[in-house]
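Here is a short report on one helix and what surrounds it. Have the sequence and the model open side by side.

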Amino acid sequence: MKVWIHFVRAPVRVISISKRRTHSKLKRQMVGLKLALSQEKAETKEMLSTYKKYTRKQATPEEMINANKQFIDILKGLGLGVFAVLPFAPITIPILIKIGKMVGVDILPSSFNRDKKSK
């Protein structure tokens, strides 16, 4: 009888552990997404203030270079936004990112790239 009880408990325990692990992994990914989006928001506000300075001819060339890089990041995000409305977006977006890496094209905005953050 004890063997039967342990045999039944083990799958329940394994399912419970894997459920908790998946939940914590999803939570970490959501926090990472939140941080990346907040970084993009701050960079975009800085870009807009730089463009505002440029209209008054008060922006330095370094500020304009950084603002133009951020504008390119915004365009990258808009490009991925087009694929987000397609029916198979959870499949197509990761495939596009992989193909972009293979070809050497950076599809994701700079705040979403983990490799560049560590450097």
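Start with the length of α2. At 1.5 Å a residue, its 24 residues should span 34 Å, and the end C-alpha atoms are 35 Å apart, so expectation and model agree. The helix covers residues 61-84. The model is a predicted one.

**Buried positions**

Which residues of α2 are buried? They are Met64, Ala67, Gln70, Asp73 and Leu80. An α-helix has 3.6 residues a turn, so residues three or four places apart point the same way.

Asp73 deserves a closer look. This α2 residue is buried yet has no salt bridge. The nearest side chain of opposite charge belongs to Lys76, 4.1 Å away. A salt bridge here requires a side-chain nitrogen within 4 Å of a carboxyl oxygen, so the 4.1 Å between Asp73 and Lys76 does not qualify. Beyond its neighbours within four places in sequence, Asp73 is in contact with Glu40, Glu43, Pro109 and Ser110.

Ile74 also sits in α2. Its relative accessibility is 24%, so Ile74 counts as partly exposed. With neighbours within four places in sequence left out, Ile74 touches Thr44 and Met47. Ile74 and Pro109 are 35 residues apart in sequence, but their C-alpha atoms are 7.2 Å apart in space.

**Salt bridges**

Side chains of opposite charge can pair when their charged atoms come close. How many salt bridges does the whole structure hold? A search finds two.

One joins the side chains of Lys53 and Glu63, at 3.1 Å from N to O. Lys53 is in helix α1 and Glu63 in helix α2; the pair links distant parts of the chain, 10 residues apart.

Another joins Lys76 and Asp106, whose closest N and O atoms are 3.5 Å apart. Lys76 lies in helix α2 and Asp106 in the loop between α3 and α4 (114-118), so this pair ties together parts that are 30 residues apart in sequence.

The table gives the accessibility of the four partners.

| Residue | Relative accessible area | Class |
|---|---|---|
| Lys53 | 31% | partly exposed |
| Glu63 | 26% | partly exposed |
| Lys76 | 22% | partly exposed |
| Asp106 | 30% | partly exposed |

**Packing against α3**

Two packed helices are described by the angle between their axes and the distance between the axes. For α2 and helix α3 (residues 89-103), the angle is about 145° and the axes are 9 Å apart. Which residues meet there? On the α2 side they are Leu80, Phe83 and Ala84. On the α3 side they are Ala89, Thr92, Ile93 and Leu96. By class, this contact has six nonpolar residues, one polar residue and no charged ones. Leu80 thus appears twice in this account: it is buried, and it takes part in the contact with α3.

**The loop before α2**

Lys57 lies in the loop between α1 (2-55) and α2. Is Lys57 buried or exposed? Its relative accessibility is 77%, so Lys57 counts as exposed. Its backbone also merits a check. Phi of Lys57 is near 60°, a positive value in a residue other than glycine.

Terms used
Residues are numbered from 1 along each chain as its sequence is written. This is a predicted model: local features need pLDDT of at least 70, side-chain atom pairs count only at pLDDT 80 or more; totals for chains, interfaces and linings use all residues. Side-chain values use heavy atoms; hydrogens and water are left out. Helices (H or I, at least four residues) and strands (E, at least two) are DSSP runs, numbered from the N terminus. Buried means under 20% relative accessible area, exposed over 50%, partly exposed in between (1.4 Å probe, protein chains only). Contact means heavy atoms within 4.5 Å. The expected span of a helix is 1.5 Å times one less than its number of residues. Lys and Arg count as positive and Asp and Glu as negative; His and the chain ends are not counted. Axes are lines fitted to C-alpha atoms, for helices over the stretch in contact, and angles run from 0 to 180 degrees between N-to-C directions. Ala, Val, Leu, Ile, Met, Phe, Trp, Tyr, Cys and Pro count as nonpolar, Asp, Glu, Lys and Arg as charged, and the others, Gly among them, as polar.
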